[in-house]
Amino acid sequence: MLTSTDFTGLFNERFFRNLLPKPALDELRLGVGTPDFKLTDITNNRTVKLSDYRGKQPVLLAFTRIFTEKQYCPFCYPHIKALNENYEEFTNRGIEVFMITSTDKKQSQVVVKDLGLKMPLLSDPSCHVFRTYQVGQALGAPLPAQFVLDKDGKLLYRHLFSFLDHNASVETLLERFN
C-alpha cells in the first residue's frame with residue numbers, strides 16, 4: 001500500500017542514518033524497568049517524560065515507522081489507525097498509549113492533523129529512543145515495535161517487528177495489560 005506518490009523530504013539525514021539494516025535486539029527483560037526518555041508530544045504540545053508515569057499508570061509504547069508526513073510504512077499505517085481508533089479503550093482501562101515516530105516536529109504535526117490522532121504522538125527525529133530500545137532499522141527508518149509496561153514501568157510484553165508478524169494487534173496488546 002502506497003500512502004502517497006509524493007516522496008518530497010524522504011531522502012534526508014535521518015533516512016541515510018537508518019538506511020543499512022540492523023536487526024532488533026531482544027535484550028530488554030520481562031519484569032525489569034525500561035529506559036527512561038523525554039520526548040515532545042506533538043498531539044498535545046507538551047513534553048513527556050516516561051518516568052513521570054511510573055507508579056501511576058501502565059503505558060503502551062508503540063514505536064512506528066513513518067518516513068515523512070506523506071509516506072507511511074505499509075505495515076504500520078493500519079496499526080496506527082487501529083491504535084488511534086481504540087485509544088479510548090486503552091484510556092478507559094487507565095492505560096496511556098504513546099506512539100513514537102522518527103519524523104520531525106513539522107512532519108509529525110501534519111501526521112497528527114491528517115490522521116486525526118487522539119493518542120500522543122512523540123517525536124524522536126534523532127532516533128535516540130528507538131536505538132535505546134533496540135528496535136532495529138532498515139531502508140531509511142527505525143522498525144516498529146510495541147512495549148507493554150506495568151504501572152511501575154516494568155516490561156510485561158514486547159513485540160519486535162518481523163515480516164511474519166509486523167505489529168501486535170490491539171487485542172493482543174490489551175490482553176497483556178491484564
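## Pockets and strands: worked exercises

The lining of the largest pocket has 12 nonpolar, one polar and two charged residues. Keep in mind that you're working with a predicted model.

**Exercise 1.** Find out how much space lies in the largest pocket and which residues lie nearest its centre.

*Solution.* Start with the space: the largest pocket holds about 260 Å³. Next, look at its walls, where 15 residues make up the lining. Arg 65, Ala 138, Leu 139, Leu 143 and Phe 163 are the ones nearest the centre.

**Exercise 2.** Do the same for the second largest pocket, and sort its lining by class.

*Solution.* The space here comes to about 150 Å³. There are 12 lining residues, and Lys 22, Arg 131, Gln 134, Gly 136 and Gln 137 sit closest to the centre. Sorted by class, the lining gives six nonpolar, four polar and two charged residues.

**Exercise 3.** Count the helices and strands, then work out how compact the protein chain is.

*Solution.* Counting along the protein chain, you get six helices and nine strands. Now take the radius of gyration, which is 15 Å, and set it beside the 16 Å that the globule rule gives for 178 residues. Those values are close, so the chain is as compact as a globular protein of that length. For a feel of the dimensions, the C-alpha atoms fill a box of roughly 40 × 30 × 30 Å along the principal axes.

**Exercise 4.** Put the strands of the open sheet in order and say which ones stand at the edges.

*Solution.* Walk across the sheet and you meet seven strands, in the order β2-β1-β5-β4-β3-β8-β9, with mixed pairing. At the edges are β2 (46-49) and β9 (155-160); each has a single partner strand, so one side of each lacks a neighbour in the sheet. From one strand to the next, the twist averages 25 degrees. Then add helix α4 (residues 105-115), which packs on the sheet and touches β4 (96-101) and β5 (121-123). The direction of α4 makes about 165 degrees with that of β5.

**Exercise 5.** Trace the partners of β1, then look at how β3 pairs with β8.

*Solution.* Strand β1 (residues 38-41) runs antiparallel to β2, joined by four bridges, and Lys 38 stands opposite Lys 49. These two strands form a hairpin with four residues between them, and Asn 45 in the turn has a positive phi of about 50 degrees. β1 also pairs with β5 in the antiparallel sense, over two bridges; there Thr 40 faces Ser 123. Finally, β3 (residues 59-63) and β8 (residues 145-149) are antiparallel over five bridges, with Gln 146 in β8 as the bridge partner of Ala 62.

Conventions:
Residues are numbered from 1 along each chain as its sequence is written. This is a predicted model: local features need pLDDT of at least 70, side-chain atom pairs count only at pLDDT 80 or more; totals for chains, interfaces and linings use all residues. Side-chain values use heavy atoms; hydrogens and water are left out. On a 1 Å grid over the protein atoms alone, a cavity is a set of points where a 1.4 Å probe fits but cannot get out, and a pocket is an open set with protein on both sides within 12 Å along at least five of seven lines; lining residues have an atom within 4 Å of a point. Grid points are joined across faces, edges and corners, and a volume is the space filled by probe spheres set on the points. Ala, Val, Leu, Ile, Met, Phe, Trp, Tyr, Cys and Pro count as nonpolar, Asp, Glu, Lys and Arg as charged, and the others, Gly among them, as polar. Two strands pair if DSSP finds at least two bridges between them. Axes are lines fitted to C-alpha atoms, for helices over the stretch in contact, and angles run from 0 to 180 degrees between N-to-C directions. Contact means heavy atoms within 4.5 Å. The radius of gyration is taken over C-alpha atoms; the globule rule is 2.2 Å times the number of residues to the power 0.38.
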